[in-house]
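The following exercises ask the reader to work from coordinates to a described picture of helices, core and aromatic contacts. Each task is followed by a solution in steps.

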Amino acid sequence: MSTPPTLGDPTVVMLGRSSLDVFPLALGANSFGWTSDEAQSHAVLDAFVAGGGTLVDTSDSYGAGASESIIGSWLAARGRRDDVVIATKVSRHPEFRGLAGDTVAAAAEASLRRLGVDHIDLYYAHFDDPDVPLDETVAAFDRLVSDGKVRFVGVSNYSPERLTGWLNVAATLGAAPPVALQPHYSLVHRRTYEPGLRDIAVAAGLGVLPYWGLAAGFLTGKYRTHEDLRGRAREQMLDRYFSEPGLAVVDALTRIGSRHGVEPATVALAWLRQRPGVTAPIASARTTDQLPALLAAADLTLAEEEMADLTRVSDAVGV
């Protein structure tokens, strides 16, 4: 078993106010069991860890648990539990919808079984459930922490108002507070995070792990026309980004990437990594060939003028 990285390693960062130190690029496992079969997924996990990666992000709703099961079979086969940080989520599995207290408890048990682990490092409320009182949900997550089944709590896809509510309820109850926030955030979609969630996350010391940082692949530069999308698994998701301002963002990424000798995807993730509050962008890889460009984002530091240039072209998207 390899030795996990420590905080003396410049490629390791602390996740918010937790004790989790992670590589500053997280692997999204949403493709596992969808566009990647078990063998491909295991190969991606092998390559990710070999490249220094540590945080693997999944959900009980990805493939109705298929992603968690694939990660679990990899952990069992490789014996790498101590080398990775496992994050998963609750609220959208077909059998465990919402965030009622009993649902959260039952969903966590099911995730633990699929993953084949005795604890989850980071457990998210995947989507808000406004029909359940926040104190009930917060207390349910706190019980999981107290019972040792979850180490740290996170929230995803929450509005600024509801995130503030969760933080206040946790403080009132003396419950485990969230240490991480997972928002939809990229150069072509900034409104979800900025400015409301950003300001709360920075003030509360939350580690921010944006998803869809490559806009479903649009920011990789591989798709320049609608024809490039035809027949792709993510065709509908990608189509929304095609516009003159959106393609100008891709051009800027390509130009800056060429200057550094890296791919546009690397630049897009590096921009995210250097934004306020962000700990580690999340990016998924269907095959091992896609991983090097993602991992390289951890080592690329963009100059101030490059960050400003990308932000300027992003502003024109109306993000």
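## Exercise 1: Helix α3

The buried residues of α3 are covered by elements that include α2, β5 (85-90), β6 (92-93), β7 (96-97), β8 and α4. The model is a predicted one.

**Task.** Determine whether the end-to-end span of helix α3 (residues 101-115) agrees with 1.5 Å a residue, and list which residues of α3 are buried.

**Solution.**
1. The expected span is 1.5 Å times one less than the number of residues. For the 15 residues of α3 it should therefore be 21 Å.
2. The end C-alpha atoms of α3 are 21 Å apart, which agrees.
3. The buried residues of α3 are Gly101, Thr103, Val104, Ala107, Ala108, Ala110, Ser111, Leu112, Arg114 and Leu115.
4. Gly116 follows α3 and has a positive phi, near 70°.

## Exercise 2: Glu68

**Task.** Classify Glu68 as buried or exposed, and identify the partner of its side chain in a polar contact.

**Solution.**
1. Glu68 belongs to helix α2 (residues 66-78).
2. Buried means under 20% relative accessible area. The relative accessible area of Glu68 is 0%, so Glu68 is buried.
3. The side chain of Glu68 makes a polar contact with the side chain of Thr88, at 2.6 Å.
4. With neighbours within four places in sequence left aside, Glu68 is in contact with Thr58, Ser59, Asp60, Thr88, Ser111, Arg114 and Leu115.

## Exercise 3: Helix α5 and the nonpolar cores

**Task.** Describe the packing of α5, and state which residues touch the most other members of the largest nonpolar core.

**Solution.**
1. Helix α5 (residues 160-173) has 14 residues and reaches 20 Å between its first and last C-alpha, close to the expected 20 Å.
2. Its buried residues are Leu163, Gly165, Trp166, Leu167, Val169 and Ala170.
3. These buried residues of α5 pack against β8 (120-125), α4 (134-146), β9 (150-156), β10 (178-182) and α6 (196-204). Just after α5, Gly174 takes a positive phi of about 70°.
4. The largest nonpolar core has 89 residues, of which Tyr123, Trp166 and Leu219 touch the most other members. Helix α9 (residues 264-273) gives the most to this core, with seven residues.
5. Beyond its neighbours within four places in sequence, Leu219 has contacts that include Leu187, Val188, Leu214, Val249, Val250, Leu253, Pro264, Ala265 and Ala268.
6. A second, separate core of 15 residues includes Leu20, Ala26, Tyr124 and Ala180.

## Exercise 4: Aromatic geometry

**Task.** Classify the ring pairs Tyr158 with Trp166 and Tyr185 with Tyr193, and give the accessibility of each residue.

**Solution.**
1. A search of the whole structure finds eight aromatic pairs.
2. Tyr158 and Trp166 are 5.7 Å apart centre to centre, with 75° between the planes; the pair is edge-to-face.
3. Tyr158 has 3% relative accessibility and so counts as buried; Trp166, at 1%, also counts as buried.
4. The ring centres of Tyr185 and Tyr193 lie 4.6 Å apart and the planes are at 50°, so this pair is tilted.
5. Tyr185 is at 0% relative accessibility and therefore buried. Tyr193 is at 0% as well and likewise counts as buried.
6. Tyr123, Phe141, Tyr158 and Trp166 form one aromatic cluster.
7. A charge over a ring is found at Phe127: the charged end of Arg92 sits 3.8 Å from the ring centre.

Note on methods
Residues numbered from 1 in each chain as written. Predicted model: local features only at pLDDT ≥ 70, side-chain atom pairs only at ≥ 80, totals over all residues. Heavy atoms only, no water. Helix = DSSP H or I, 4+ residues; strand = E, 2+ residues; numbered from the N terminus. Buried < 20%, exposed > 50% of the residue type's maximum accessible area, 1.4 Å probe, protein only. Contact = heavy atoms within 4.5 Å. Core = buried A, V, L, I, M, F, W, Y, C linked by side-chain atoms within 4.5 Å. Polar contact = N/O pair within 3.5 Å; in protein donor to acceptor, adjacent residues only side chain to side chain. Phe/Tyr/Trp six-rings, centres within 6.5 Å; stacked < 30°, edge-to-face > 60°. Lys NZ or Arg CZ within 6 Å of the ring centre and 35° of its normal.
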